Amino acid sequence: SVWVATMSDKTCTIRTRKFITNRLLQRRQFVVDVLHPGRPNVSKAELKEKLAASYDVKDPQAVFLFGFRTQFGGGKSTGFGLIYDNIPAAKQFEPKYRLIRNGLDTRVEKSRKQKKERRNRARKVRGVKKNAPVGKK
């Protein structure tokens, strides 16, 4: 399927291919080809808006776009798209980092020191029985 989107005198054409309906994961998945001659790239927000309109999606947050690469020389980008049937399905199956990117989850702020301390505690526990004391005797 092909759509032509016009934005501020620069047009872009959106094509989807390898379209698969994945019932197990409650989603539709496809490869997105974007032709954008005369402009550096097209924002994922703009693409999400256009795809949501063309595929009759109730909530645009159920559309996930990622992995875009611009072809050498510009003018064409290719990426991957997922449209979930509903938001709970997206929350169940999507990795946390993509949920955060899409605004469906919040990022947990941890300090560098917290991460290091946790890692070091995990290192001490490795290969030790669970009821054995951790650390030096």
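**Loop residues, ring pairs and salt bridges**

At 27% relative accessibility, Gln26 comes out as partly exposed. This is a predicted model, and in it Gln26 sits in the loop between S2 and S3. The backbone does something a little unusual here: phi of Gln26 is near 55°, a positive value in a residue other than glycine. For context, most residues other than glycine have a negative phi. Lys18 shows up with a positive phi too, again near 55°. Lys18, however, belongs to strand S2, and with 61% relative accessibility it counts as exposed. A further positive phi, of about 75°, is taken by Gly127, just after H4. Helix H4 itself covers residues 112-125, and its 14 residues reach 20 Å from first C-alpha to last, close to the 20 Å expected at 1.5 Å a residue.

Back in the S2–S3 loop, which runs between strand S2 (10-22) and strand S3 (27-35), there is also Leu25. Leu25 is partly exposed, because its relative accessibility is 25%. Leaving aside residues up to four places away in sequence, Leu25 touches Tyr84 and Phe93. Its C-alpha also lies 9.0 Å from that of Gln92, a residue 67 positions away in sequence.

Now for the rings. Searching the whole structure turns up five aromatic pairs. In one of them, Phe19 and Tyr55, the ring centres are 5.3 Å apart and the planes are at 25°, so this pair is stacked. Phe19 lies in strand S2 while Tyr55 lies in the loop between helix H1 (44-54) and strand S4 (63-70), so the pair ties together parts 36 residues apart in sequence. The two partners sit in unlike surroundings: Phe19 is partly exposed, at 35% relative accessible area, whereas Tyr55 is buried at 15%. Phe64 and Tyr84 make an edge-to-face pair, with 5.6 Å centre to centre and 85° between the planes. Since Phe64 belongs to strand S4 and Tyr84 to strand S5 (residues 76-84), this pair ties together parts 20 residues apart in sequence. Phe64 is buried, at 2% relative accessible area, and Tyr84 is buried at 1%. Ring pairs also link Phe19, Phe30 and Tyr55 into a cluster. Elsewhere, a charged side chain meets an aromatic face: Arg98 lies over Phe66, at 3.8 Å from the ring centre.

On the charge side, the whole structure yields six salt bridges. One of them joins the side chains of Asp85 and Arg23, at 3.1 Å from N to O. Asp85 is in the loop between S5 and helix H2 (87-93) and Arg23 is in the loop between S2 and S3, so the contact ties together parts 62 residues apart in sequence. Asp85 is partly exposed, at 38% relative accessibility, and Arg23 counts as exposed at 53%. Another salt bridge pairs Glu94 with Arg27, whose closest N and O atoms are 3.9 Å apart. This pair links distant parts of the chain, with Glu94 in the loop between H2 and helix H3 (96-101) and Arg27 in strand S3, 67 residues apart. Both Glu94 and Arg27 are buried. Arg98, already met over the ring of Phe66, comes back here, as Arg27, Glu94 and Arg98 are linked in a network of salt bridges. Finally, Arg107 forms a salt bridge with Glu109, the closest N and O atoms being 3.6 Å apart, and here both residues are exposed.

Methods: Residues numbered from 1 in each chain as written. Predicted model: local features only at pLDDT ≥ 70, side-chain atom pairs only at ≥ 80, totals over all residues. Heavy atoms only, no water. Helix = DSSP H or I, 4+ residues; strand = E, 2+ residues; numbered from the N terminus. Buried < 20%, exposed > 50% of the residue type's maximum accessible area, 1.4 Å probe, protein only. Contact = heavy atoms within 4.5 Å. Expected span 1.5 Å × (residues − 1). Phe/Tyr/Trp six-rings, centres within 6.5 Å; stacked < 30°, edge-to-face > 60°. Lys NZ or Arg CZ within 6 Å of the ring centre and 35° of its normal. Salt bridge = Lys/Arg side-chain N within 4 Å of Asp/Glu carboxyl O.
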